[in-house]
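The exercises below ask you to read a structural model step by step, and each task is followed by a worked solution. Please keep the sequence and the model at hand while you work through them.

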Amino acid sequence: MGITLSAHNLKFSWNSQRNVFSDVSFNLKPGELFCILGPNGTGKSTLLRCLINLLDINQGSVEIDRVDIRDMERHDLAKKLAFVPQRWDVSFPYTVIDYVVMGRAPFISAFASPSDDDVKIAIDAIQEVGIFHLLEKSVNEISGGEHQLALIARALAQQPEILLLDEPTSHLDFGNQMQVLSLIERLRDRGISIIMTSHFPDHAFIVSDQVGIMREGSFSMIGPAEEVITSEALGSTYHVDVRVEFIEVAGRKVCIPVRYKAGCNCSTESLLDQYYRECEEHAGLCKNCGFC
Amino acid sequence: MDNSTKDIQGGIESVPNEMNRENISKEEISKITRKRKLILPVMIILYILPIFVMIWSLFIGRFEVEPGNVLKILFSPIIPMEHTWSSAEETIIFQVRLPRIIAALLVGASLSMAGAAYQGLFKNPLVSPDILGVSSGAGFGAACAILLSLSTWFIQISAFLGGITAVITTYLLSRLYKSGQILVLVLSGVIVSSFFGALLSITKYVADPYEKLPTIVFWLMGSLSSARYIDIMSIAPAIFLGGIVLLLIRWRINLLALGPDEARTLGIDITQITRIIVLCATLLTAAAVCISGIIGWVGLVVPHLARMITGPDYSRLLPMTIVMGASYLLIMDDISRTLISTEIPLGILTALLGAPFFAFLLWRRKTGWV
């Protein structure tokens, strides 16, 4: 059970001048959750699009169980790999159930319409993501977060073995972010391998098995969250000072961006150490940035 | 994989598991699947409407034929009976009204169907069947044939070929761009339309203003007054071919509304389905235009009217579009031949009566569906 996805030395460029990324390699074992972090514009979404053969890679290969995805028929690929995009644009007001049933497309022959079984699978996927109450609503009347859930439901209706999620939490409020993360975890526990991109390093602590930090067109690090997500790594990736601290109530590490003010030379690092010791007594340790 | 047997595992401890799956009984699920197949009374009425309009249309016209005689004439080929009617009346019913009615049904159905398919393909509810230049191509073809004083038969063939040529040019032009995106196809359509529009203007400019020019202008306004069986027989294969293929793939048209990328991740071969839809819609439109001239508005509005009733799902929308388009154009044609003593060009009437009607529906519904 479960299939392996592996990427070997992927390289992609929109034009010949600049590579979006190069030398990208990783291995996704069955039932693993791989979280890709990285600043805006490093090509996280582009990478996902290459993994599902929406964009043609210039070099390297993506293989599912040792078969190159470019040699697979699209509908065969769609039975194994589902993709949840970050943005959507639906031109007609389909109901949520119609929308999710579309995920059955790879299983429905070209001349057929969805059967009752297809509808049942779609309803099941809708229940799974918890939007059954929206079943008959039209997709342009639901909120962005609900739409995101409907998209995940549609991907689940494909009954994929690997799920690619492009910033699944980007449209969601705080509570819904956690719900989606726990949904993702549930799916992983059910045996679906997952690759997701995220802007929140915290999310990698919450759900991931493996984390890859993408920086300047390549993975600078791949490994378990505990090893990869460090103050130094985040600092050099996002160019802000970040503290990675174990927070007891959460039971995990949490990333805290530290307020940064241009022109201040004080070392935030040492400042924070002082902060923990002294802040209760007197605020405003750094006269320049006024951080406390 | 059977999802229904799977239960929730895992979950994050710190977050209360609020996403408990609502337990939906089997009955409720079958209620939903049944509801999806439910046919509303209004749909049944609309589905049988073309038959009633068709029968009603046989009874009306400038030339008065007694209703009793119409019935007798209609049944005379099946049941042998005494001739109480004149042969002129029989000619009116069988050689004038009936072919015209059939032509109106076919043209209305074809244009609406092509419009609906294009609205799905181009992800845009404001698209009409002539988006890729079929009408201007057909107009130019017809105008050339009229200019050369060719027979009606040749005018039709020339219009058909003109329409097809324009769309092929559009398609090839769009392929010049590597990306081959849908937007490029629309742009190419605009380019080709205006080019053929200019060619059409040239033919009008050089046409003899007392004889040829009015013919060209009337052809462009659209009319079914000269429809004969032979015309119907010659366009029917194209219409049935295009129509049946579109009906078969109708559910897939939905997927195009998601955008090309999402459709591809759902396993759709975009290039192939685009080609099929363009081919079918072009066959339908070119076939319709070549016997009726240019009739606007039907292909744009009827899909909307149908969408108001069935919703956007093409499985239900496309059949509804066919019957509504057929009824709509037949009613318009009835009005065009009976309202005043001379015939009103059909292209004028479809918009003149259709536009306020559509505006009225928009006002009544007060909901956007775009």
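**Exercise 1.** Which residues does A:Ala153 touch, not counting residues up to four places away in sequence?

*Solution.* Bear in mind from the start that the model is predicted. Begin at A:Ala153 and take as a contact any pair of residues whose C-beta atoms, placed from the backbone, lie within 7 Å. With residues up to four places away in sequence left out, A:Ala153 touches A:Val100, A:Ala125, A:Ile126, A:Glu128, A:Val129 and A:Ile131. Next, place A:Ala153 in its wider setting: the largest nonpolar core has 174 residues, and A:Ala153 is listed with A:Val100, A:Ile126, A:Leu164 and B:Ala117 as those with the most contacts inside it. Helix α4 (residues 87-121) of chain B gives the most to this core, with 14 residues. Finally, a second, separate core of five residues includes B:Val65, B:Ile73, B:Ile92 and B:Ile93.

**Exercise 2.** Describe how chain A meets chain B, and which elements of chain A take part.

*Solution.* Start with the counts, which put 48 residues of chain A in contact with 45 residues of chain B. On the chain A side, the elements that give two or more residues are α2 (74-80), α3 (96-101), α4 (116-129) and α6 (174-189). Then sort that side by class, which yields 27 nonpolar, ten polar and eleven charged residues.

**Exercise 3.** Characterise the fold of chain B as a whole.

*Solution.* Chain B has 15 helices and zero strands, and of its 370 residues 43% are buried. Among its contacts with a separation of 6 or more, 76% come from residues 24 or more positions apart.

Terms used. Residues numbered from 1 in each chain as written. Chains lettered and ligands numbered in written order. Predicted model: local features only at pLDDT ≥ 70, side-chain atom pairs only at ≥ 80, totals over all residues. Helix = DSSP H or I, 4+ residues; strand = E, 2+ residues; numbered from the N terminus. Buried ≥ 20, exposed ≤ 12 C-beta atoms within 10 Å, placed from the backbone. Contact = placed C-beta atoms within 7 Å. Nonpolar A, V, L, I, M, F, W, Y, C, P; charged D, E, K, R; others polar. Core = buried A, V, L, I, M, F, W, Y, C linked by C-beta atoms within 7 Å.
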